[in-house]
Amino acid sequence: MDSDSVDTVELSPDVAQKLFAAALAVQQRAYAPYSKFLVGAALLTSDNRIFSGCNIENASYGLCLCAERSAIAAAVSAGVRSWRAVAVASRGAVTPCGACRQVLSEFGLDYPIFLLDSQLNGQLTQRLTVAELLPGAFRLDSER
Ligand code: THU
């Protein structure tokens, strides 16, 4: 599942394996009857708990919820507001959309996002930090 060229140094191999497996498993639960594009996301907490979410589409297309925000909703609803890595599984290992980058940035800029290609047996294709994905993320002045 793991690709040799992508750095997973902040995760032990078994934890990385668990995180990636969770993203790939929840991808299968995506509700995407309109786009047929299934996405799964899994967040890893500092004590190695995993929260996951999938995309949830709607007949009113603008209401579609992305997998990343779905996973964040699961974590925050469980009282978790910090995590040390996120894995996202999709066909072609796409990068998170702009809206999700902004929401990911709310909870840190330095943690890695691992992108997995479900078409290539869950292969890890890229590791990008939130700051790399969204330079200049918006923050309210009052929070600085
Ligand atoms: N999608 C995600 O779940 N995450 C992203 O970062 C990009 C797009 C979903 C939304 C929609 O259900 C489908 O992919 C096609 O856009």
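**Close-up 1. The side chain of E57 reaches the backbone of Y34.** In this predicted model, the E57 side chain comes to 3.1 Å from the backbone nitrogen of Y34. E57 also meets S35: a polar contact of 2.5 Å links the two side chains. E57 sits in the loop that runs between strand 2 (50-54) and helix 2 (67-77).

**Close-up 2. E57 is buried and has no salt bridge.** The nearest side chain of opposite charge belongs to K36. That side chain is 7.6 Å away from E57. A salt bridge needs a distance within 4 Å, so K36 does not form one with E57.

**Close-up 3. Ten names make up the ligand's surroundings: S35, F37, V39, N55, E57, C66, A67, E68, P96 and C97.** E57 and S35, joined by their side chains, both belong to this shell. By residue class, the shell splits into six nonpolar, two polar and two charged residues.

**Close-up 4. Polar atoms of N55, E68 and C97 face atoms of the ligand.** N55 uses its side chain: an N or O atom there is 2.9 Å from a ligand oxygen. E68 also uses its side chain, with a polar atom 2.8 Å from a ligand nitrogen. C97 takes part through its backbone, where a polar atom lies 2.9 Å from an oxygen of the ligand. On its own, the ligand has 370 Å² of accessible area, and the protein covers 79% of it.

Conventions
Residues numbered from 1 in each chain as written. Predicted model: local features only at pLDDT ≥ 70, side-chain atom pairs only at ≥ 80, totals over all residues. Heavy atoms only, no water. Near = heavy atom within 4 Å. Polar contact = N/O pair within 3.5 Å; in protein donor to acceptor, adjacent residues only side chain to side chain. Areas by Shrake-Rupley, 256 points an atom, 1.4 Å probe, with all protein chains shown as cover. Nonpolar A, V, L, I, M, F, W, Y, C, P; charged D, E, K, R; others polar. Helix = DSSP H or I, 4+ residues; strand = E, 2+ residues; numbered from the N terminus. Buried < 20%, exposed > 50% of the residue type's maximum accessible area, 1.4 Å probe, protein only. Lys, Arg positive; Asp, Glu negative; His and termini not counted.
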